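Trainee: Could we go through this one together? I have some questions about side-chain pairs, helices and domains.

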Amino acid sequence: MTGGLGKGYGSGGSYFDSDKLDYPGVPYSALDFNSCDRCSTSSCNIEDYSDSNQVRYCRLLGLKDLNQDKEYVRQKIADFLNHLTSIGVAGFRVDAGKHMLPENLANIYARLNNLNIQWFTSGAKPFIFHEVIDFGSDAIPTSQYTGIGRVTEFKYGIYLGRVFRHQDGLTFLENFGQPWSMMNDGDALVFIDNHDNQRGHGGGGDNVILTHTNSRLYKMATAFMLAWPYGVPRVMSSYAFHSDWQGPPSDKENNTLTVKINDDLTCADGWICEHRWRQIYNMARFGKYAGDAGVNDWWSGHTHQIAFSRGDRAFIAFNNEHFDLKATIQTGLAPGQYCDIISGNKENGKCTGKIITVNEDRKVDLVLSDWLEDSMVAIYVDSKIN
């Protein structure tokens with residue numbers, strides 16, 4: 001629940017008194033929280049993250065820690081999640097997952113209803129993933145949570161950040177995934193950045209995390225994530241900030257401003273909206289059409305030039321060198337002309353960007369200049385224009 005804020009009102013209008021552990025809007029009382037005796041630190045806060053008992057039973061940054069061993073607490077959480085799914089929510093991100101016992105979370109999830117059939121197919125379950133930061137030496141590993149939902153793979157964005165920043169080569173990505181000391185494909189939730197590490201928190205560091213502030217490399221890394229068959233990808237949508245704790249664009253009364261949409265569907269007035277960038281929303285379509293097709297026709301030129309197909313459904317090529325890529329490359333796609341979804345859109349059977357020709361032998365003759373903002377091309381079955 002809240003940190004040590006004293007008395008106040010939540011954004012929904014409910015009263016709380018954090019000093020007394022009193023949250024009548026739920027209601028929760030002091031009986032529903034882990035005691036300091038259970039925590040074993042004099043401050044009641046986590047003081048040693050190598051101590052799993054402290055991580056599980058002490059307060060994270062002063063936040064009041066609910067006792068999920070209690071039947072009442074479990075049911076209240078389940079009731080809240082079921083209310084959300086009843087109004088159309090499709091799933092949940094479980095923040096600070098390692099601070100909760102996996103068996104308690106599993107108990108709560110077992111109480112959840114199916115998704116609302118007004119919007120989802122009958123029998124569909126909420127999609128659940130857990131934020132668990134684990135770089136291999138943490139006291140509580142991600143493996144404790146993989147059986148109850150997807151888990152955030154924080155190493156993923158770090159590895160891709162190093163690759164696209166030229167600290168490692170693009171050519172090394174041919175086996176990207178579990179062989180890189182990451183979790184199994186079926187367990188991973190992957191991302192380039194999130195609200196924490198784009199600010200240097202929560203596994204940021206090393207100046208390797210790519211964000212919207214480096215748009216060229218960010219689009220390339222995101223395109224690779226959406227093209228490569230590993231994990232469930234999550235696309236970030238941000239607002240601009242100048243300090244770590246800066247909130248979203250707001251008026252003088254701290255009311256969040258409405259998102260302004262430009263003619264090209266991008267956002268304005270401090271909203272970044274990466275998910276509305278053409279190169280990113282088109283790559284989401286690319287991934288949808290690639291589906292479960294494997295990687296084939298892997299090609300590598302110099303250290304930072306690669307291309308690959310996804311079966312006979314999609315093809316993508318990257319040039320992150322400091323010179324042009326000029327090559328004839330095998331694809332899995334049928335011969336014909338395709339709209340490059342990075343440089344434009346397919347609209348009314350025509351292409352607003354580059355047209356890529358797949359020859360009768362299913363090869364493409366590519367020239368990718370290194371000075372372009374988008375030094376990559378991507379085509380897939382539904383981008384064919386003839």
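Trainee: What do the side chains of aspartate 95 and arginine 93 meet in?

Mentor: They meet in a salt bridge, with N to O at 3.1 Å, and please keep in mind throughout that this is a predicted model.

Trainee: Which residues are linked in a network with those two?

Mentor: Glu131 belongs to it, so that Arg93, Asp95 and Glu131 are linked in a network of salt bridges.

Trainee: And why does aspartate 95 count as partly exposed?

Mentor: Its relative accessibility is 43%, and the class of partly exposed residues lies between the 20% and 50% limits. Arginine 93, at 31% relative accessibility, counts as partly exposed too.

Trainee: How many salt bridges does a search of the whole structure find?

Mentor: The search finds 10 salt bridges. One of them joins aspartate 69 to arginine 38, where the closest N and O atoms are 2.3 Å apart. This pair links distant parts of the chain, since aspartate 69 sits in the loop between α2 (52-57) and α3 (71-86) while arginine 38 belongs to helix α1 (residues 36-39), 31 residues apart.

Trainee: Are those two buried or partly exposed?

Mentor: Aspartate 69 is partly exposed, with a relative accessible area of 32%, and arginine 38 counts as partly exposed at 29% relative accessibility.

Trainee: What about glutamate 153 and lysine 155, how far is N to O there?

Mentor: The side chains of glutamate 153 and lysine 155 meet in a salt bridge at 3.4 Å, N to O. Glutamate 153 is buried, because its relative accessible area is 2%, and lysine 155 is buried with a relative accessible area of 12%.

Trainee: Changing topic to helices. How many of the residues of α6 are buried?

Mentor: In α6, 12 of the 13 residues are buried, so the helix is largely enclosed by the rest of the structure. The buried set includes the charged residues Arg216 and Lys219 as well as Leu217, Met220, Phe224 and Leu226. As for its length, the 13 residues should span 18 Å at 1.5 Å a residue, and the end C-alpha atoms are 18 Å apart, which agrees.

Trainee: And α7, which residues are buried there?

Mentor: In α7 they are Gln279, Ile280, Tyr281, Asn282, Met283, Phe286 and Ala290. The helix covers residues 278-290, and its reach of 18 Å from first C-alpha to last is close to the 18 Å expected.

Trainee: What covers those buried residues of α7?

Mentor: The cover includes α6 (215-227), along with the strands β11 (305-310), β12 (314-319) and β19 (376-380).

Trainee: What happens just after α7?

Mentor: Glycine 291 follows, and it takes a positive phi of about 55 degrees.

Trainee: You mentioned β12. Where does phenylalanine 318 lie?

Mentor: Phenylalanine 318 lies in strand β12, and it counts as buried because its relative accessibility is 0%. Phenylalanine 318 and serine 375 are 57 residues apart in sequence, yet their C-alpha atoms are 6.2 Å apart in space.

Trainee: Which residues does glycine 169 touch, leaving out those up to four places away in sequence?

Mentor: Glycine 169 touches Val163, Thr303 and His304. It is found in the loop between α5 (154-164) and β6 (188-190), and it counts as buried at 3% relative accessibility. The C-alpha atoms of glycine 169 and threonine 303 are separated by 5.3 Å, although the two residues are 134 residues apart along the chain.

Trainee: Now the domains. What does the domain assignment give?

Mentor: The assignment gives domain 1 (1-67), domain 2 (68-284) and domain 3 (295-383). The contact between domain 2 and domain 3 takes 24 residues from domain 2 and 27 residues from domain 3, and 28 Å separate the centres of these two domains, taken over C-alpha atoms.

Trainee: Last one, about the surface: which residues form a nonpolar patch?

Mentor: Val259, Ile261 and Leu265 form it, with about 220 Å² of accessible area together. Leucine 265 lies in the loop between β8 (260-261) and β9 (267-268), and at 42% relative accessibility it counts as partly exposed.

Methods
Residues are numbered from 1 along each chain as its sequence is written. This is a predicted model: local features need pLDDT of at least 70, side-chain atom pairs count only at pLDDT 80 or more; totals for chains, interfaces and linings use all residues. Side-chain values use heavy atoms; hydrogens and water are left out. Helices (H or I, at least four residues) and strands (E, at least two) are DSSP runs, numbered from the N terminus. The expected span of a helix is 1.5 Å times one less than its number of residues. Buried means under 20% relative accessible area, exposed over 50%, partly exposed in between (1.4 Å probe, protein chains only). Contact means heavy atoms within 4.5 Å. Patches are made of residues with over 30% relative accessible area and no salt bridge: like charges are joined within 9 Å, nonpolar side chains (Val, Leu, Ile, Met, Phe, Trp, Tyr) within 5 Å. Accessible areas come from the Shrake-Rupley method with a 1.4 Å probe; for residues, only the protein chains shown count as cover. A salt bridge is a side-chain nitrogen of Lys or Arg within 4 Å of a carboxyl oxygen of Asp or Glu. Domain bounds come from an automatic or database domain assignment.
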